[in-house]
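Reader: I should like to learn how the features of a model such as this one are to be read. Might we go through them one by one?

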Amino acid sequence: MIKFKNSEITPENIYKNRRNFIKKFGLTAGSIFLSQNLNFSANAAPKNEDLKLTEYRYITTYNNYYEFGTGKSDPVERSEKFKTTPWDIIIDGEVENPLKLSIEEINTMFPSEERIYKLRCVEGWSMVIPWLGFPLNKILNKVSPTSKAKFVKFVSILDPEQMIGQRFPILDWPYKEGLRIDEAMHDLTILVTGLYGKKLPNQNGSPLRLMVPWKYGFKSAKAIVNIKLVEKMPTSSWMKASPKEYGFYSNVNPTVDHPRWSQATERVIGEGIISPRIPTTMFNGYGDEVASLYAGMDLKKYF
Ligand code: MTE
């Protein structure tokens, strides 16, 4: 047994310890990250499974969550007292069997498993995060979508009392996002309940957030209260704020630049003072799994 001093018992230490255990006994838990000293070459994009996990302290202190402010440290500094119980999620719209589930019911009905995914932000940085979650399709199948259900709309909580950012017209509140039904049904698309083997921190979108690993991070709405199946393509808060900058699809695509940021490379958060930039890969490296969803589509037009 490795003994930790109290001060050293961080979620990450516990987690690393568990991974060592997993390595030693030859079990597999998704991919194992051995590379401590990665040398990224300028041209070749490293495979996602060769990237190191981002440290817990970066994942939980460098956030985008405009309900709590637009600064990267605003979410951790301002969300500590945010109330995530009681919390109900309504799944309705074009479905045979609408449901209202408490977060406790969701946690019991849909056990979370670990998924290590890279989150690629449109601002040009990325993190590799061991999420805990379950496929969104499990919840969607429970409500039996009708044949009219072509898209899924996600709505985050509206609570300006608790969320100071919502007192200002920064975005069209509440935060809204959307997916096409086949994207939502894809097995890679998960609802997240935790990370690093722990309950999801408030600043990362507790108690329930979306994670779509082949799309830019902003598609992954936090603190979801409504999942609505709809016939028409929903307008997301970002599309409404700036339609030239944010399209509906928002697939990670190094060949289509955002008007303000090149998407060719990304900065890997937490890799030293001068974080290395690595080439960005199409669909954030998940092309083998998802490219077929867009066969024949012009992804420059449908950005
Ligand atoms: N969800 C809500 N409700 N509000 C937000 O401001 N920001 C998005 C997304 N989900 C956001 C949100 C953006 S821009 C990114 S990059 C990711 O959350 C960041 O997730 P993280 O803080 O867990 O890394």
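Author: The discussion below takes up the sheet, the ligand site and the backbone in turn. Please keep in mind throughout that this is a predicted model.

Reader: Let us begin with the sheet. What is the order of the strands in the open sheet?

Author: A sheet is read from one edge to the other. Here the open sheet has five strands in the order E2-E1-E10-E5-E6, and their pairing is mixed.

Reader: Which strands stand at the edges, and why is one side of each left without a neighbour?

Author: The edge strands are E2 (99–102) and E6 (176–180); each has a single partner strand, so one of its sides has no neighbour within the sheet. On average, with direction ignored, neighbouring strands are turned by 15 degrees against each other.

Reader: In which sense do E1 and E2 pair?

Author: Strand E1, residues 88–93, pairs with E2 in the antiparallel sense, over four bridges. Within this pairing, Asp88 has Ser102 in E2 as its bridge partner.

Reader: Which helix packs on the sheet, and which strands are touched?

Author: Helix H5, formed by residues 136–143, packs there, touching E1, E2, E5 (151–156) and E10 (224–230). The direction of H5 makes about 60 degrees with that of E10.

Reader: Turning to the ligand, how many residues surround it, and which are the closest?

Author: The ligand is surrounded by 16 residues, the closest being Asn63, Tyr66, Glu67, Ser220 and Lys222. By class, this shell has seven nonpolar, six polar and three charged residues.

Reader: Where do polar side-chain atoms lie relative to oxygen atoms of the ligand?

Author: For Lys222, a polar side-chain atom lies 2.7 Å from a ligand oxygen atom. The corresponding distance is 3.0 Å for Asn204 and 3.0 Å for Arg209. The ligand taken alone exposes 540 Å², of which the protein buries 98%.

Reader: Finally, what should be examined in the backbone?

Author: As a general guide, most peptide bonds are trans, and most residues other than glycine have a negative phi. In this model, the peptide bond from Thr85 to Pro86 is cis, with omega near -10 degrees, and Pro86 lies in the loop between helix H3 (74–78) and E1. The bond from Ser206 to Pro207 is also cis, with omega near 5 degrees; Pro207 lies in the loop between strands E8 (198–199) and E9 (209–211).

Reader: What is the phi of Ser144, and where is this residue found?

Author: Ser144 is not a glycine, yet its phi is positive, at about 50 degrees. Ser144 is found in the loop between H5 and E5.

Terms used. Residues numbered from 1 in each chain as written. Predicted model: local features only at pLDDT ≥ 70, side-chain atom pairs only at ≥ 80, totals over all residues. Heavy atoms only, no water. Pairing = 2+ DSSP bridges. Helix = DSSP H or I, 4+ residues; strand = E, 2+ residues; numbered from the N terminus. Axes fitted to C-alpha atoms, helices over the stretch in contact; angles between N-to-C directions. Contact = heavy atoms within 4.5 Å. Near = heavy atom within 4 Å. Polar contact = N/O pair within 3.5 Å; in protein donor to acceptor, adjacent residues only side chain to side chain. Areas by Shrake-Rupley, 256 points an atom, 1.4 Å probe, with all protein chains shown as cover. Nonpolar A, V, L, I, M, F, W, Y, C, P; charged D, E, K, R; others polar.
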